[in-house]
Amino acid sequence: MQESNFIIFSGSASGKLAAHMARLLEQSTGRCTVERFPDGEINVHLDEPVRGRDVYLVQSTCAPVNDHLVELLALADACRRSSALSITAVVPYFGYARSDTRHSQRAPIAASMVASVMQSIGITHIVTVDLHAAQMEGFFHIPVDSLTAVPALVHAVRGHLPEEVAVVSPDEGRFKMASEYARWLDAPVAVIHKSRQSGTTTRVAKLVGDVKDRPCLIIDDMIATGGTIADAVTALLRGGARPQIYVAATHGLFVGEARAKLSHSAIRGIFVTDSITQSHPDWSALNVVHLAPLLAAALRRFRADESLADLYNHCIHNGSE
Ligand code: R5P
């Protein structure tokens, strides 16, 4: 796809992913400079013209979340002030998406706040992957395409799974996603009722579904501290599941002691995407699925004003287009 009226820039969180996407689209990423002043402020400069061009800014707002967010906003502001025709923020991992309701009085809805800032800065289209809560789209009045990595993760994990696997949702919130996995894998679903005590600790209450003597695939949208998955593993083993457990999650944040929590002998493989750049060369259980084929395929369809309806057919059969 050689076209000069669009350009892909990458923020510092998503350099490899953006370069991979651009390669698949037979482009190179646009040159831009991101610098940090000694006081912590961020400055960006577009080293190529964007006047009259459709711009795609690829940046996951992962840790350090606020820095990556401000960098994305600064890039978008630079594009708007330089007369870009449109500004699409490709945010494979959308930070603050978990803060989508008020958990108490006198509390913010951070996801709504981020959406407002993105729009006011001139972003005209959001593309993201497995948004924590679909209703977050309602915080935007611009188009939001929330893609899913489930077919690509299914394609990657399928060959590793033993017969009779059960798909497990680690909480009620992921039941719909677990059902999607189960549909692709033709497997039964179980769900764990999880209650959260704080941002870092959870308490498992009960397991619903038949996992006895079955290997299990625990799915989630993200792994942060690893607490949810570790609790799910404990609940499954107590419930009689075989100590053959696989994990698939779209976003691997792996904060704090996550890796230690996930180094359980029953966990045979962990599959995440590169929505967040992974650098664990010595973690043999970790498998990373590339998102670039999905994002590049979506971008091709945006360029041609085509529907995304058949976007996943290719992923499930070939892993990429
Ligand atoms: C919760 O609603 C999410 O879907 C994840 O289950 C959660 O954010 C994972 O966090 P952690 O790994 O810290 O338990």
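This is a short chat about a predicted model of one protein chain.

Biologist: Hi! How many helices and strands does the protein chain have?
Modeller: Hello! There are nine helices and 14 strands in the protein chain of this predicted model.

Biologist: And what does the C-alpha trace span along its principal axes?
Modeller: About 60 × 45 × 35 Å for the protein chain.

Biologist: What about the radius of gyration, how does that look for 321 residues?
Modeller: The protein chain has 20 Å, and a compact globule with 321 residues would be near 20 Å, so the value agrees with that picture.

Biologist: Nice. What share of the residues is buried?
Modeller: Buried residues make up 52% of the 321 in the chain.

Biologist: And the contacts, what fraction joins residues at least 24 apart?
Modeller: If you take contacts between residues at least 6 apart in sequence, 64% of them join residues at least 24 apart.

Biologist: Switching to helices: where do α1 and α8 sit in the sequence, and how do their axes cross?
Modeller: Helix α1 covers residues 15-24 and helix α8 covers residues 292-303. Their axes come within 9 Å and cross at roughly 50 degrees, and α1 and α8 are therefore oblique to each other.

Biologist: Is that crossing left-handed or right-handed?
Modeller: Right-handed, as α1 passes α8.

Biologist: Which residues meet there?
Modeller: From α1 you have L17, H20, M21 and L24. On the α8 side they meet A292, P293, L295, A296, L299 and R300. By class, the contact of α1 with α8 has eight nonpolar residues, one polar and one charged.

Biologist: Great, thanks!

Definitions and conventions
Residues numbered from 1 in each chain as written. Predicted model: local features only at pLDDT ≥ 70, side-chain atom pairs only at ≥ 80, totals over all residues. Heavy atoms only, no water. Axes fitted to C-alpha atoms, helices over the stretch in contact; angles between N-to-C directions. Helix = DSSP H or I, 4+ residues; strand = E, 2+ residues; numbered from the N terminus. Parallel < 35°, antiparallel > 145°, perpendicular 65-115°, else oblique. Left-handed = near helix turned anticlockwise from the far one by under 90°. Contact = heavy atoms within 4.5 Å. Nonpolar A, V, L, I, M, F, W, Y, C, P; charged D, E, K, R; others polar. Rg over C-alpha atoms; globule rule 2.2 N^0.38 Å. Buried < 20%, exposed > 50% of the residue type's maximum accessible area, 1.4 Å probe, protein only.
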